[in-house]
Amino acid sequence: MRKNLTPELLKALHEGLAIPAHPLALDENRKLDEKSQRALTRYYMASGAGGIAIGVHSTQFEIRDPEIGLFEPVLRMAAEEIEKAKLDRPFLKVAGICGPTEQALAETDVAVRLGYDVGLLSMGGLQGWTEEQILERTRAVAARIPVFGFYLQPSVGGRIFSFEFWKAFADIDGVVAIKMAPFNRYQTIDVVRAVCSSKRRDEIALYTGNDDNIVIDLLTTYRFDIDGVTVEKSIVGGLLGHWAVWTKKAVELLEEIKGVRSNGSISAEWLTRNVQVTDTNAAFFDPAHGFAGCIPGIHEVLRRQGLMKGTWCLNPHEELSPGQAEEIDRMYRDYPHLNDDDFVKQHILEWMK
């Protein structure tokens, strides 16, 4: 029996939230650093984020390996910190859900037991499955928890889906949002048009995960002719690994964009700002090396701020790529207005308690 979102959470989801994808903090022995892990959750809440997504790519898929066994502990710690904070605003708890149907349902049950609101359902690792099999898996998960769909780019394990797949996906009862992260304009348009073509279009919030185009995604109104009716849809917020760093500035950016969207006049300066944000993402996410350094890149920024001890990943082969630290240096030099180091400095001692 699915527990649906409260009216307050549903309203906030549709108005647009900044949702960082929560990293995993490790010590030099590649063991969980609980102090830093909890501090990160506190940082995201203090930054004004509208939720967190944990158990996702940025949290490292290896947390599910039986010998590592960190999936439930990291979800539990984040839930505990959110509960302790007693926030007076909606805050969406999103659990990453992966794997074939049996695994996905087991992870769903953990998320539900720990009080998570939504499951971000990864399509990764299902390369041999038909689109109908993936839709059936989605229906099974959506019967137990509201679903945040996820279009993952092929270069990091995703695959291309048809327009018809996304229309059928949008028609599934219990799908409340879709994160689009194909890093591809054509495929992003497919999803938006498919949702606009669904009878459930007003029940689904669209979120960007396109780290290469965050600002423009958030500023664009999509307009389609659907059976003779003009239908408009906007991407209202973001669920992003990119927003796991410099989060306070990301929250401010989204709020500013909401203001611009409501007055209907968009300055050309936003095109320049889009490039600045994309340039910083290139430093953090490492497309120059096929995204090999994307998780260590996030860790490196958090390490510099004192929120993590180092850039260690569960997979010892995941480390900063050659030249990546220098690129992050350049981001600090060229775009000082995008970092939130001063904010972190002011509060880090209380978060680290």
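Start by selecting residues 163-170 and 185-197: these are helices α6 and α7, which pack at an angle of about 45° with their axes 8 Å apart. That angle makes α6 oblique to α7. Keep in mind as you go that this is a predicted model.

Turn the pair until one helix lies over the other, and you'll have a right-handed crossing of α6 past α7. Now show side chains. On the α6 side, pick Phe163, Trp166, Lys167 and Ala170; on the α7 side, pick Asp190, Val191, Arg193, Ala194, Val195 and Ser197. Colour them by class and this contact splits into six nonpolar, one polar and three charged residues.

Stay on Trp166 for the next stop. Leaving aside residues up to four places away in sequence, Trp166 touches Met123, Phe150, Tyr151, Phe161, Ile178, Val191 and Ala194. Val191 and Ala194 should look familiar, since both belong to the α7 side of the contact you just left. Zoom out a little: the largest nonpolar core has 125 residues, and Trp166 and Ile178 are the ones with the most contacts inside it.

Next, jump to another helix pair, α4 (residues 101-113) and α5 (residues 131-142). Here the packing angle is about 20° and the axes are 10 Å apart. Angles under 35 degrees count as roughly parallel, so α4 and α5 run roughly parallel to each other. As α4 passes α5, the crossing is right-handed.

To finish, select Thr101, Ala104, Leu105 and Thr108 in α4, which meet Arg137, Ala140 and Val141 in α5. Coloured by class, this contact gives four nonpolar, two polar and one charged residue.

Key:
Residues are numbered from 1 along each chain as its sequence is written. This is a predicted model: local features need pLDDT of at least 70, side-chain atom pairs count only at pLDDT 80 or more; totals for chains, interfaces and linings use all residues. Side-chain values use heavy atoms; hydrogens and water are left out. A nonpolar core is a set of buried Ala, Val, Leu, Ile, Met, Phe, Trp, Tyr and Cys residues joined through side-chain atoms within 4.5 Å. Buried means under 20% relative accessible area, exposed over 50%, partly exposed in between (1.4 Å probe, protein chains only). Contact means heavy atoms within 4.5 Å. Axes are lines fitted to C-alpha atoms, for helices over the stretch in contact, and angles run from 0 to 180 degrees between N-to-C directions. Helices (H or I, at least four residues) and strands (E, at least two) are DSSP runs, numbered from the N terminus. Angles under 35 degrees count as roughly parallel, over 145 as roughly antiparallel, 65 to 115 as roughly perpendicular and the rest as oblique. A crossing is left-handed if the near helix is turned anticlockwise from the far one by less than a right angle, and right-handed if clockwise. Ala, Val, Leu, Ile, Met, Phe, Trp, Tyr, Cys and Pro count as nonpolar, Asp, Glu, Lys and Arg as charged, and the others, Gly among them, as polar.
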